[in-house]
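Visitor: I would like a close look at a single part of this model, and I would be glad of the conventions behind each value as well. Please begin with one helix and then work outward from there.

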Amino acid sequence: MDKNKSDELNYDVVNKSLTKVDGTALVNGKPVFTGDYDYSNGLVASILHSPKPRAEIVNIDVSAAEEVEGVEAILHQGNVERVPHTTAGQGYPEPSPYDAYTFDSKVRYVGDRVAAVAGESKEAVKEGLDKIEVEYKELEPIFDLEESRDSSIKIHDEEDSTGIYDPERNIAANVDIKIGDPKEVISQSDVAVESSCRTQFAQHTPIEPHVTTAYLDEHERLVVKTSTQVPFHVRRILAQVLDMPIGKIRVIKPRIGGGFGVKQELLLEDVASLFALRTGRPVTMEYSREEEFNSSRTRHPMEVDVTLGATSEGKLQGIIMEVLSNTGAYGAHSLTVLSNVGSKTLPLYNKASDLHFFGDAVYTNLPVPGAYRGYGAPQGYFSLEVAIDKLAEKVGKDPIEIRKLNHIREGETSPIFEKLGEGKEGTVQHIHSCRLDECIDRGAEEIGWHARDEKQASKAHRKKGFGLAINMQGSGIPLIDMAAARLKLNEDGSFNLYVGATDLGTGSDTVLSQIAAEVLEVDLDDIIVYSSDTDFTPFDSGAYASSTTYVSGNAVEQAAKKAKEKIVRAFTDLNDEDPGKVELSDGVLIGEEERETLSEFALSLTSGELETDQQQIEASASEVPEESPPPFSAHFVELEVDTRTGEIDLQKYVSAVDCGTAINPNLAEGQMEGAIVNGIGYALTEEMKFDSSGRMTNPSFFDYKIPNTEDIPDIEVILVESSEPTGPMGAKSVGEIGINGAIPAIANALRDAIGVEFTEPPFTPEKVWKKMKDERE
């Protein structure tokens, strides 16, 4: 923690590591997750997934399944209306193509939907699924990303899908942004370097898989209780798919056991809702771990090529970034993730005057990528930061010096901000807060960067290496994200805080409550937060794009200020006080003549004492940000490589982050630590593998390796606090930026250790050993 800056803030509730408001319920095992609730007369349901990577469904015979005792309903393309839509939970109008259907006459990857069965028990449902007979006409699949754009195979040949950039070439989305003439500039530069990096399929692996229950309430309204990051988007898409008024649907998000972007999607809610509507009974669906791997969402595999041109001193003049993104069988998030590869990376190095960012998101007959923490930025930073290190070597400068020479600073801007948003043009933005240099310096000091040449490997057969990467992210999506908050004063001086924001376990309920408590000058215990219920909480776009603290936090701060003004106004009116002389401090209203505790005053407002002046004090506010102030971070790693086996010993990881004011420092550090571990797994072990028929061969935690406690190095997170003038209490985001640094920092450290460039994670011992062997030969 940057103690000096923290001391200057002088907050009572904000910038304090207070206990999470839901902590007690969680540690006591209270029934707070979607799957914890029991429903009388409830059914369970599951999906029959395609065993084929690409096929036409010629016929489905469900007669034997219907005879199974306990089977109550079966859904398939023959009895469900065909409605093109996107499963991506994004702001309307969604920038993703409408290329998905609840059930379709074609399947496009192994794991695609074929049918679904609802029944009295899991056993009955399984037997019913087993007895569905499907006749397939197998079609030639395509798995290779490069080949897909030039193939005669057309993955989406249906006429009713819309929004596909070029279906004839299997291109779901395209971006092409050019500023100046970077090709010419680079050709004239003193120094040019290139980097070509390839990333893999990886899955979010939340501890809680997708879980949904749908039922009809006493008024025959559809209620969907689901583990989602985007309850309001789920409600809107359900209304579209089910052809129902939005007002007839209620979506509730209980606690979530991890999301990371995979729950920014409509995956089970439509099927569970159809079953509930047809049977009139509650229906619960839950993915198995294998289904979570095969049929939920993944990170987009990408090929990212970067070319840099610079002066002999290392000052950047031109950057070209080309991207080829694998969007799998459907185009959910295809355009926006592709856009973010450039929009979250290129502004960081704004000294380059000429830029070209272009790329395609291409369909294949493989599982469907979607939103995943970082949302395209990790793939972009991998290639960019590897190239920056190569530039430093070529001009003979320290990698830190090159980055300090070229990175964006306070008061500066980048043309990319305006040219490239998420799926459309962005907005003009200037940097109001940036302590990246201090992040670099603090991180370098902690890792021992400047004394790294003096450090020796622990054994003779080991090589020691150091690496770094810097990055930025964003705080919500300007002029697209929207959040609202409402506060209600209770008779005892406590407040109900209603927010549509979705707490994924990140602690956003706590953070937003701290903001409200700070403004209202009450204790955190006096804020009773209720979130993510489309009937009772105001609208919020959802938990994605690092938006909650900044966007939802601004809405809460504004609502709290309005509530405070109303309380002071009511007090002055009743006591004939000068409103300019009345203060609300530590739960006490203080005027020139009168002094009353907030609890006493609140009770009087709703009691017979006032006769005609009784009132309920409430306030609400909405926030649509015009900017997306980036957090900044610097990542440093120290590792050793066993030259006999290729094993990597990741010994220390340091990340210094500027996230503005840390509303709750412990939670901010936790977000960074979790993202770092997530990134380490992506760099070293995690990879979805497929056989020649497109079937995933390692859909379990036995074969898909995520980091455990023994794999995690010594991690040091340093909060370098700035104050963002557009943020609530000076805050920016911190949820995603931590994942962006691991792959490039580790790749750069490997190159430092053994002189070999690594461009295709995960960097397994086998890959490292083979690379070293090839270099020796």
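Guide: Just after helix α16 comes Asp576, whose phi is positive, near 55°; helices here are DSSP runs of H or I with at least four residues, strands are runs of E with at least two, and both are numbered from the N terminus. The model is predicted, and for that reason local features need pLDDT of at least 70 and side-chain atom pairs count only at pLDDT 80 or more, while totals for chains, interfaces and linings use all residues. Residues are numbered from 1 along each chain as its sequence is written, and side-chain values use heavy atoms, with hydrogens and water left out.

Helix α16 covers residues 548-575, and because its 28 residues should span 40 Å at 1.5 Å a residue, the 39 Å between its end C-alpha atoms agrees with that expectation; the expected span is 1.5 Å times one less than the number of residues.

Two packed helices are described by the angle between their axes and the distance between the axes. For α16 and helix α17 (residues 598-605), the axes come within 12 Å and cross at roughly 75°, the axes being lines fitted to C-alpha atoms, for helices over the stretch in contact, with angles that run from 0 to 180 degrees between N-to-C directions. That angle makes α16 roughly perpendicular to α17, since 65 to 115 degrees counts as roughly perpendicular, under 35 as roughly parallel, over 145 as roughly antiparallel and the rest as oblique. On the α16 side the contact is made by Ile567, Ala570, Phe571 and Leu574, and on the α17 side by Leu598, Phe601 and Leu605, where contact means heavy atoms within 4.5 Å. These contact residues of α16 and α17 divide into seven nonpolar, no polar and no charged; Ala, Val, Leu, Ile, Met, Phe, Trp, Tyr, Cys and Pro count as nonpolar, Asp, Glu, Lys and Arg as charged, and the others, Gly among them, as polar.

Another helix pair can be read in the same terms. The axes of helix α11 (residues 377-395) and helix α12 (residues 399-406) come within 9 Å and cross at roughly 110°, and α11 and α12 are therefore roughly perpendicular to each other. Their crossing is right-handed, a crossing being right-handed if the near helix is turned clockwise from the far one by less than a right angle, and left-handed if anticlockwise. From α11 the contact takes Glu385, Ile388, Asp389, Leu391, Ala392 and Val395, and from α12 it takes Pro399, Ile402 and Arg403, a set that divides into six nonpolar, no polar and three charged residues.

For helix α7 (residues 231-242) and helix α8 (residues 269-279), the axes come within 10 Å and cross at roughly 55°, so α7 and α8 are oblique to each other, and α7 passes α8 in a right-handed crossing. Here Val234, Leu238, Val241 and Leu242 in α7 meet Glu269, Asp270, Ser273, Leu274 and Leu277 in α8, and the residues of this contact divide into six nonpolar, one polar and two charged.

Finally, some backbone details in loops. The peptide bond joining Tyr92 and Pro93 is cis, with omega about -5°, and Pro93 lies in the loop between β3 (71-76) and β4 (106-107). Glu220, a residue other than glycine, has a positive phi near 65° and lies in the loop between β9 (211-216) and β10 (222-226).
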